[in-house]
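Got the viewer open and a selection box ready? Here is a short walk through the model, one stop at a time.

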Amino acid sequence: MTAVVVEDNVLALEMLVNDITKYHKEIKIIATAKSVIEAAKKLQNKQPDILFLDIMLGDGTGFDLLEIFPNLTSKIIFVTASDAYAIRAFKFAAIDYILKPYSNEDLEKSIHKAKQQIEPQKEQLNILKQAVTQPKDSLKRISLYTQDKIIVVNIEDIIRCKSDNNYTTFYLKNNTKILVSKTLKYYADMLKEFNFLRVHQSHLINKSQIKEFIKSDGGYLILNDNSNIPVSVRKKAEVIDFLKTI
């Protein structure tokens, strides 16, 4: 397999090249670049099997490079610094990445995934680009990785999420259900800033979808899709306080 490494930090570039050369002899690095312009020139000649792409470059971003080559066939391994906004962006876009500083295990996992991965959809890359380049803007969409495809949905269209062990089912306004292989906690952490509340061990709800709170039978919510959602004892006060502010 061939690879091109795009990284504007000289030390980080040398380290990544050395690690790939030393530990992944099945990969041959055919070019390196430190900027969007330099990378564009290198990719004009030959597209590699794998492109290691830093997000923030001196003369632009990795997204600028992808826009120059909209039909790029390379598997992309994004490389990013440990920035809270960047990590959040990759989670919402459901795209894998290497977080600097990385371990050899991180590198090995990312290469293994790259060999098997489906290319990110344009919508996923748009979510990622918006979240990274405009971190203060509120995200509006999220990518959900199902067993056989990736579905991009509007966050405001999510009514609720239900836990099923290590899986989560999303219930949307259009009456569709989407099953993803991530825990409810994973999404509760992601969506808490978007008006979502985990009201029970098995339930995460969109607060804007609450229709009624029934105090009897231990307390439960009726949402706009007419679902009955139990409220745990420790979450009851938080739910009542929220309803008082509406």
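Start by selecting Phe 242, which sits in helix α8, residues 233-245. Keep in mind as you click around that this is a predicted model. Is Phe 242 buried or exposed? Its relative accessibility is 19%, and the cut-off for buried is under 20%, so Phe 242 counts as buried. Now show what surrounds the side chain: leaving out residues up to four places away in sequence, Phe 242 touches Asn 195, Lys 207 and Ile 210. For a sense of scale, draw a distance from the C-alpha of Phe 242 to that of Gln 47: the two are 195 residues apart along the chain, and the line should read 53 Å.

With that line still on screen, zoom out to the whole chain. The C-alpha trace spans about 70 × 30 × 30 Å along its principal axes. Switch to cartoon and you can look for eight helices and 17 strands. Colour by burial, and 46% of the 246 residues come up as buried. If you compute a contact map, take the contacts with a separation of 6 or more: 52% of them are between residues 24 or more positions apart.

Next, pick helix α7, residues 184-191. Which of its residues are buried? They are Leu 184, Tyr 187, Ala 188, Met 190 and Leu 191. Look down the axis with those five shown as sticks: they cover an arc of only 165°, which puts them on the same side of α7.

Now for a helix pair. Select α4 (residues 84-93) together with α6 (residues 122-133). Their axes come within 8 Å and cross at roughly 160°. Angles over 145 degrees count as roughly antiparallel, so that is how α4 runs relative to α6. The crossing is right-handed. Show side chains at the contact: α4 brings Ala 89, Phe 90, Phe 92 and Ala 93, while α6 brings Gln 124, Ile 127, Leu 128, Ala 131 and Val 132. Sorted by class, that contact has eight nonpolar residues, one polar and no charged ones.

Time for some backbone geometry. Most residues other than glycine have a negative phi, and most peptide bonds are trans. The next three stops go the other way.

- Select Lys 100 and Pro 101: a cis peptide bond joins them, with omega about -5°. Pro 101 is in the loop between β7 (97-100) and α5 (104-116).
- Go to Asn 175, in the loop between β11 (167-172) and β12 (177-180). Phi here is near 70°, a positive value in a residue other than glycine. Asn 175 is exposed, with a relative accessible area of 70%.
- Finish the list at Asp 217, in the loop between β15 (210-214) and β16 (220-223). Asp 217 is not a glycine, yet its phi is positive, about 55°. With a relative accessible area of 71%, Asp 217 is exposed.

For the last stop, select Asn 228, which lies in strand β17, residues 228-230. What is Asn 228 in contact with, leaving aside its neighbours within four places in sequence? The partners to show are Tyr 220, Leu 221 and Ile 222. One more distance to draw: Asn 228 and Glu 212 are 16 residues apart in sequence, and 9.6 Å separates them from C-alpha to C-alpha.

How values were computed:
Residues numbered from 1 in each chain as written. Predicted model: local features only at pLDDT ≥ 70, side-chain atom pairs only at ≥ 80, totals over all residues. Heavy atoms only, no water. Buried < 20%, exposed > 50% of the residue type's maximum accessible area, 1.4 Å probe, protein only. Helix = DSSP H or I, 4+ residues; strand = E, 2+ residues; numbered from the N terminus. Arc of directions from axis to C-beta. Axes fitted to C-alpha atoms, helices over the stretch in contact; angles between N-to-C directions. Parallel < 35°, antiparallel > 145°, perpendicular 65-115°, else oblique. Left-handed = near helix turned anticlockwise from the far one by under 90°. Contact = heavy atoms within 4.5 Å. Nonpolar A, V, L, I, M, F, W, Y, C, P; charged D, E, K, R; others polar.
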